[in-house]
Amino acid sequence: MSAHRPTLADVAAAANVSVSTASLAFSGAGPIATATRERVHEAAGRLGYAGPNPLGRQLRSGRSGIVGVVIGDALRRAFRDPVSTQVLDGLVGTLGPLDLGVLLIPSSNDPDSPAVDPLLESAAMDVAVVMWGGGEDEPVLSALRRRNIPTVLVEGQLLPGVGAVGIDDRGGIAMVTRHLVELGHTRIACVTLPLNRERLEGFVGPDELAAQVWEITRRRLAGMTDAGVTPVAVWQTPASLVEHGATAGRAILSAEDRPTAVVCQSDLLASGVVLAARELGLRVPQDVSVAGFDGIDLPWLGGDVLTTVVQPLTEKGAAVGHLVEDLLAGAEPDHRELPVTLRVGTTTGPVPA
């Protein structure tokens, strides 16, 4: 077997074209006849040439072909959440045809660990996507600014020079809260997503809520206020998982003067509250109404269909991918918001008599 590895020049000679024409045949760019492209690829197959060296292509273009995606939690938890996986599916499905790869970077979820993963400081990337982005002073955003990397925030605070894709989650929470008010509920509790990087678990008071709160949690709390409701109890969770919702449900619904309804900031948390209510012998919705946010499938609830705010998860991921595409093409960062809808299921009903 020959030790000679075929080169682009070898392919060009075999196809009887110039090296620049052979290069265009592989890049897919520029004016080149279909028959010529096919002849180049046929010659490449015959010679065993796999294509141009990716590293060389990166050096010539000045781009890595990589989009860094900063996950808003530890990967082991993020991949248990259908919200994260469906958004990622929409994002990756949009970036793939653009010949862009994805580098997943976990967020630091331990207050004692560095606030920024080392990958964020050194890995090659053309654009960064920050899932469930926070505020302007987030260490992740500061690191990306230092590296001058174009950035897209998913559901983050609107910031100058930073692209953003979000949903009307504040309006959605207001819709589902008004639905409960119209059913006669006045004692409504709330189970929130994490308030901040500490990811504590338990009841929180007005002082904690008035302190710095992550943007997505803050907006969804504000949605209840917009509907004219001050929650009778607020329980924060360390992550959007069923078991954290169940813990919240046991605590909230075991109180002597328990609420008649619970608004949860995610469907996984809401399903945990429903399971806790059943465990405590409470009927949903006859004894307590439960509502969520996301619109994901919850087969473990059996015959119940959760009342929830439905967000377009895969479409949101695709919108992020299209914004990445526009930034790479030189467009200015902008903000794109997707609508949400209220889906009334079987877990909400009139206030108990």
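Asp 257 sits out in the open in this predicted model, with a relative accessible area of 51%, just past the 50% cut-off, so it counts as exposed. Its salt-bridge partner is Arg 187, with the closest N and O atoms 3.6 Å apart. Arg 187 is found in the loop between helix H9 (169-182) and strand E6 (188-192), and Asp 257 in the loop between helix H12 (242-253) and strand E9 (261-264), so the pair ties together parts that are 70 residues apart in sequence. Arg 187 itself is partly exposed, at 27% relative accessible area.

A second pair joins Arg 336 and Asp 326, whose closest N and O atoms come to 2.7 Å. Here the two parts being tied together are 10 residues apart in sequence, since Arg 336 belongs to strand E12 (residues 335-338) and Asp 326 to helix H14. Both ends are partly exposed: Arg 336 has 24% relative accessibility, and Asp 326 has 27%.

Then there is Glu 155, which meets Lys 316 in a salt bridge of 2.3 Å, N to O. This one links distant parts of the chain, with Glu 155 in the loop between strand E4 (151-154) and strand E5 (163-167), and Lys 316 in helix H14, 161 residues apart. Glu 155 is buried at 2% relative accessible area, and Lys 316 is buried as well, at 0%. The pair is also part of something wider: shared partners join Glu 155, Asp 169, Glu 215, Arg 218, Arg 219, Arg 220 and Lys 316 into one salt-bridge network. The count for the protein comes to 17 salt bridges.

Zooming out, the protein has 353 residues, 49% of which count as buried. Its secondary structure comes to 14 helices and 13 strands, and its C-alpha atoms fill a box of roughly 85 × 40 × 40 Å along the principal axes. Among contacts with a separation of 6 or more, 72% are between residues 24 or more positions apart. About 16,100 Å² is exposed, with carbon and sulfur atoms supplying 54% of that area. One nonpolar surface patch, of about 220 Å², is made by Met 175, Leu 342 and Val 344; Val 344 falls in the segment after strand E13 (341-343).

Helix H6 shows how one helix fits in. The buried residues of H6 are Val 83, Ser 84, Val 87, Leu 88, Gly 90, Leu 91, Thr 94 and Leu 95. They cover an arc of only 160 degrees around the axis, which puts them on the same side of H6. An α-helix has 3.6 residues a turn, so residues three or four places apart point the same way. The buried residues of H6 pack against several elements, including strand E1 (66-71), strand E3 (127-131) and helix H14 (313-328). Asp 89, also in H6, is exposed at 53% relative accessible area. The C-alpha atoms of Asp 89 and Gly 317 are separated by 6.9 Å, though the two are 228 residues apart along the chain.

A few backbone oddities round things off. Most residues other than glycine have a negative phi, and most peptide bonds are trans. Asp 99, in the loop between H6 and E2, has a positive phi of about 60 degrees and is exposed at 67% relative accessibility. Asp 294, in strand E10, has a positive phi of about 145 degrees but is buried, at 4%. Finally, a cis peptide bond with an omega of about 15 degrees joins Val 284 and Pro 285, the latter lying in the loop between helix H13 (267-279) and E10.

Terms used. Residues numbered from 1 in each chain as written. Predicted model: local features only at pLDDT ≥ 70, side-chain atom pairs only at ≥ 80, totals over all residues. Heavy atoms only, no water. Patch = residues over 30% accessible without salt bridge, like charges linked within 9 Å, V, L, I, M, F, W, Y side chains within 5 Å. Areas by Shrake-Rupley, 256 points an atom, 1.4 Å probe, with all protein chains shown as cover. Salt bridge = Lys/Arg side-chain N within 4 Å of Asp/Glu carboxyl O. Helix = DSSP H or I, 4+ residues; strand = E, 2+ residues; numbered from the N terminus. Buried < 20%, exposed > 50% of the residue type's maximum accessible area, 1.4 Å probe, protein only. Arc of directions from axis to C-beta. Contact = heavy atoms within 4.5 Å.
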